[in-house]
Each structure stands twice: as C-alpha cells, then as structure tokens.
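Student: I am new to this structure, and I would like to understand the reasons behind the words used to describe it. Could we go through them one at a time?

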Amino acid sequence: RIAIPLRDNMFASDTYNRYSQFNYCINLTTVDLVGGIRNTVTTLLLQVWRDEMNQEIDRINQVLPSTRVNEKAAAISQWIRSVLGRMEHYRSEHRSLLK
C-alpha cells in the first residue's frame with residue numbers, strides 16, 4: 001500500500017521511457033490518495049460526473065493487483081494522468097454550464 005498525492009509527473013522515467021520505482025514491490029496492490037480530490041469530486045454539478053470520477057479514482061486498486069511488478073509505476077502514472085484529465089474535463093464542463 002502506498003499513499004500519494006494526485007500529481008502528474010511524480011515518477012521519473014528512464015531514457016527508454018520506463019518507470020522502475022516499484023520494480024521490487026511485489027505486494028503493492030493499493031494506492032490511497034492524499035489531498036482533497038475526493039472533496040473536489042463532491043463539488044461536481046452532476047451525479048453522473050461524481051460517479052464516473054469516483055470509479056476512475058478507484059480503478060487503480062482494481063487493476064494494480066494483476067499488474068506485472070515491473071509495470072506498476074507506469075500503471076500508476078498513467079492512472080494519475082487519466083484522473084487529472086477527466087477531472088479537468090468535468091471542471092471545464094461545470095464552468096460552461098454555470099455560464
């Protein structure tokens with residue numbers, strides 16, 4: 001189990017664009033987010049957006065147990081980008097609906 005903030009570019013890749021931060025963490029199966037993302041999700045205007053965001057946030061803990069040990073950091077990094085991208089999309093939609 002690790003606890004991390006939802007921040008892009010947290011993990012550096014090598015010259016071959018590979019991530020190795022968790023290569024020896026065989027038992028890494030759970031990511032807990034620290035920070036206020038869950039609170040931010042609750043402020044989204046539509047329930048369907050909140051549901052989709054919560055599903056995306058929880059997705060990593062569903063896929064991580066079956067992810068190969070040398071691919072865990074890349075999976076987490078990709079997941080972070082996905083969550084951030086989706087959150088930005090919903091924020092933008094939220095702003096346009098309020099106009």
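**Reasons behind the terms**

Tutor: Let us begin with the strands, keeping in mind that this is a predicted model: four bridges join strand E1 (residues 2-5) to strand E2 (residues 31-34), and the two run parallel.

Student: What makes E1 and E2 a pair of strands?

Tutor: Pairing requires at least two bridges between two strands, and four bridges join E1 to E2, so they count as paired. Within this pairing, Pro-5 stands opposite Val-34 in E2.

Student: Which residues of E1 lie on its covered face, and which on its uncovered one?

Tutor: Ile-2 and Ile-4 form the covered face of E1, whereas Ala-3 and Pro-5 form the uncovered one. The reason for such a pattern is general, because side chains in a regular strand alternate between the two faces of the sheet.

Student: Where do these strands come in the order of the whole chain?

Tutor: Read along the sequence, the pattern is β-β-α-α-α, which agrees with a chain that has three helices and two strands.

Student: Why is Ser-77 called buried?

Tutor: Buried means under 20% relative accessible area, and Ser-77, at 4% relative accessibility, falls under that limit and therefore counts as buried. Ser-77 has its place in helix H3 (residues 72-98), and, if neighbours within four places in sequence are left aside, Ser-77 is in contact with Phe-11 and Tyr-19. Ser-77 and Asp-8 are 69 residues apart in sequence, while their C-alpha atoms are 7.3 Å apart in space.

Student: How many of the residues in the chain are buried, as a percentage?

Tutor: Buried residues make up 31% of the 99 residues in the chain.

Student: Why is Leu-45 called partly exposed, rather than buried or exposed?

Tutor: The relative accessible area of Leu-45 is 40%, and since buried means under 20% and exposed means over 50%, this value lies in between, so Leu-45 is partly exposed. Leu-45 lies in the loop between helix H1 (37-42) and helix H2 (47-63).

Student: What makes Leu-45 suitable for a surface patch, and which residues share that patch?

Tutor: A patch is made of residues with over 30% relative accessible area, and Leu-45, at 40%, passes that cut-off. Leu-45, Leu-46, Val-48, Leu-97 and Leu-98 form a nonpolar patch on the surface, with about 430 Å² of accessible area together.

Note on methods. Residues numbered from 1 in each chain as written. Predicted model: local features only at pLDDT ≥ 70, side-chain atom pairs only at ≥ 80, totals over all residues. Heavy atoms only, no water. Patch = residues over 30% accessible without salt bridge, like charges linked within 9 Å, V, L, I, M, F, W, Y side chains within 5 Å. Areas by Shrake-Rupley, 256 points an atom, 1.4 Å probe, with all protein chains shown as cover. Salt bridge = Lys/Arg side-chain N within 4 Å of Asp/Glu carboxyl O. Buried < 20%, exposed > 50% of the residue type's maximum accessible area, 1.4 Å probe, protein only. Contact = heavy atoms within 4.5 Å.
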